[in-house]
Amino acid sequence: LGKTHLSTSVAKYLIENGYDVVYEIAQNIFSDFDTDRFRDRFSDTELLSERYLDCDLLFIDDLGTELTNSLVFTELFSLITERILRNKSTIISTNLTVEEMSRRYSPQIASRLQGGFLGLTFVGEDIRLIKN
């Protein structure tokens with residue numbers, strides 16, 4: 001439908017205008033948070049997850065395709081909440097409806113997504129299927 005294409009176009013424009021943009025699929029974001037959680041606490045290396053908190057704009061692509069568990073719920077809630085508190089912009093692409101997000105994650109996460117984000121619905125045929 002063009003969600004990823006639109007997102008990458010916006011990211012390219014913002015990067016060209018000096019903004020710090022991170023574009024990552026949800027699965028990789030949660031993997032980085034997990035890596036940070038279980039790393040050596042005395043290590044001098046920077047946390048992988050910091051880039052998701054510090055950037056001007058975070059694109060979370062394909063939310064809902066990752067395996068979900070209580071750690072993912074906690075990480076998603078914390079990530080969204082922290083970015084809101086830091087007044088940082090976030091764009092999330094997903095194929096889930098609000099109701100599906102509420103069932104999959106939690107009512108609290110769905111509430112944050114509904115209250116802190118403008119939802120745009122893409123309708124039409126899958127461009128990848130049309131191309132083949």
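**View 1. A salt bridge on helix α1 of this predicted model.** Let's start with K12, which counts as exposed because its relative accessibility is 53%, over the 50% cut-off. E16 is exposed too, at 54% relative accessibility. The side chains of these two residues meet in a salt bridge, with 2.5 Å from N to O. Both sit in helix α1, 4 residues apart, or about one turn of the helix.

**View 2. The two sides of helix α1.** Here is the whole of α1, with 14 residues running from 3 to 16. Its buried residues are K3, S7, A11 and L14. Looking down the helix axis, you will find these within an arc of 65°, so they line one face of α1. They pack against β1 (21-25), β2 (57-63) and β3 (89-94). The face turned away from this buried side carries the exposed residues H5, K12, Y13 and E16. After the helix comes G18, with a positive phi near 90°.

**View 3. A salt-bridge network that includes D34, R37 and E75.** Within helix α2 (residues 26-37), D34 and R37 lie 3 residues apart, about one turn. They form a salt bridge whose closest N and O atoms are 3.2 Å apart. Both are partly exposed, R37 with a relative accessible area of 27% and D34 with 26%.

**View 4. A salt bridge between two loops.** Now look at D56 and K88, whose side chains meet at 3.9 Å, N to O. D56 lies in the loop between α3 (50-54) and β2, and K88 in the loop between α4 (70-85) and β3, so the pair ties together parts 32 residues apart in sequence. D56 is partly exposed at 31% relative accessibility, as is K88 at 25%.

Technical notes. Residues numbered from 1 in each chain as written. Predicted model: local features only at pLDDT ≥ 70, side-chain atom pairs only at ≥ 80, totals over all residues. Heavy atoms only, no water. Expected span 1.5 Å × (residues − 1). Buried < 20%, exposed > 50% of the residue type's maximum accessible area, 1.4 Å probe, protein only. Arc of directions from axis to C-beta. Contact = heavy atoms within 4.5 Å. Salt bridge = Lys/Arg side-chain N within 4 Å of Asp/Glu carboxyl O.
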